Amino acid sequence: MSPIDDLPPLREVIRRHELAAKKSLGQNFLLDLNLTARIARAGGRLEGVTVVEVGPGPGGLTRALLAEGAKRVVAIEKDSRALGALAEIAARYPGRLDVIEGDALEVDMAALAGEGPARVIANLPYNIATPLLTGWVAADRWPPWWDGLTLMFQREVAERIAAKPGDEAYGRLAVLCGWRCETSIAFDVNPQAFTPPPKVTSSVVRLTPREAPLPCAVRDLEAVTQAAFGQRRKMLRQSLKSLGDAAALLAEAGIEPTRRAEEIPVDGFVALANALGARR
Ligand code: SAM
């Protein structure tokens, strides 16, 4: 008997449903239900919460989310081979698991999540992990439909999400995520925990939406961070030239023209974005 439920061990599920991992779908499965339970718990208390899971695969994390008490799990999976395994989990937890066959980049997750508190908890396919994240964090509607994101990324991406000014990994992604969310790395997961093992260490990242992020337009913030970090070692008076009168923008934002992108905190970029937006 597996540690969290009375369903068969994941190895057996994978064998029976012929779920040999496909690289093209970013499939690296977690078979240890104690580890998936740890990831589910990193998402906070799940009672009364609808969890949206991207890429349930054979369902190791799905099972943990249900065993940890999620009111409902909406699982979006592109690989139709996984549907049989997921149907067995749905039967074990009647009315609590909705499986959507489709591409997570295309479905309307807010609509699928419905009313009430909702959260995203997922071991993301690495090939679409960053576009999914930016879709959630850069959404027009804020506060968003979710009250937290608990996501597995390659360690290198996790560092770029949670980086602070002065960190080597500080860049466009950290500014965007730090603007709208509190970010942190919860823990690392070593390659051997996955089947097949990826080449690099992974990390679970948590993002909690800020209720009132400093106002600015996403496209202006993206424009200033793209220019600034495109030439990250240069002084801003140089790197922001592509946006027009760099000196005036910096003066308006109250930033010394000799500073470099990597030293500027999120509120500095927001001030620059607003200075740029005022000229459009
Ligand atoms: N959650 C499972 C686990 O932890 O063992 C599987 C995680 S695996 C890293 C990523 C999963 O995302 C796979 O099941 C894969 O088929 C699925 N996937 C890949 N691209 C997808 C997409 N565009 N939309 C939805 N699911 C996708």
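## A two-domain predicted model, starting from Ala275

Ala275 is buried, with 22 other C-beta atoms within 10 Å. Here a residue counts as buried if 20 or more other C-beta atoms lie within 10 Å of its own, exposed if 12 or fewer, and partly exposed in between, with C-beta atoms placed from the backbone. This is a predicted model, in which local features need pLDDT of at least 70, side-chain atom pairs count only at pLDDT 80 or more, and totals for chains, interfaces and linings use all residues. Residues are numbered from 1 along each chain as its sequence is written.

Ala275 sits in helix α12. Helices (H or I, at least four residues) and strands (E, at least two) are DSSP runs, numbered from the N terminus. Not counting residues up to four places away in sequence, Ala275 touches Leu249, Glu252 and Ala253; contact means that the C-beta atoms of two residues, placed from the backbone, lie within 7 Å. The C-alpha atoms of Ala275 and Ala87 are separated by 53 Å, and these residues are 188 residues apart along the chain.

Let us turn to helix α11. Its residues 246-253 include the buried Ala246, Leu249, Leu250 and Ala253. These cover an arc of only 95° around the axis, which puts them on the same side of α11; the arc is that of the directions from the helix axis to the C-beta atoms. Ala247 and Ala248, on the other side of α11, are exposed. What do the buried residues of α11 pack against? They pack against α10 (236-239) and α12 (266-279). Just after α11, Gly254 takes a positive phi of about 70°.

Now for the whole chain. An automatic or database domain assignment gives the domain bounds, and the chain is divided into domain 1 (10-209) and domain 2 (218-279). The C-alpha centres of domain 1 and domain 2 lie 33 Å apart. Their contact takes 10 residues from domain 1 and 12 residues from domain 2.

The largest nonpolar core has 91 residues, and Leu65, Leu151, Phe153, Ile161, Phe269 and Leu272 touch the most other members. Such a core is a set of buried Ala, Val, Leu, Ile, Met, Phe, Trp, Tyr and Cys residues joined through C-beta atoms within 7 Å. Its largest share, eight residues, comes from α12, and it draws at least three residues from each of domain 1 and domain 2.

UniProt, in an unreviewed entry, places "domain: Ribosomal RNA adenine methylase transferase N-terminal" at residues 35-211. That span is 32% helix and 27% strand, and its end C-alpha atoms lie 31 Å apart. For "binding site", the unreviewed UniProt entry lists Asn28, Leu30, Gly55, Glu77, Asp103 and Asn123. UniProt positions follow the numbering used here, feature names are shortened, and annotations may be inferred rather than shown by experiment. Two of the listed residues are set out below.

| Residue | Strand | Other C-beta atoms within 10 Å |
|---|---|---|
| Leu30 | β1 (residues 29-30) | 21, buried |
| Asn123 | β5 (residues 118-123) | 28, buried |

Leaving aside neighbours within four places in sequence, Leu30 is in contact with Leu35, Thr36, Gly60, Leu61, Asn123, Ala193 and Phe194. On the same basis, Asn123 is in contact with Leu30, Gly55, Leu61 and Met152.
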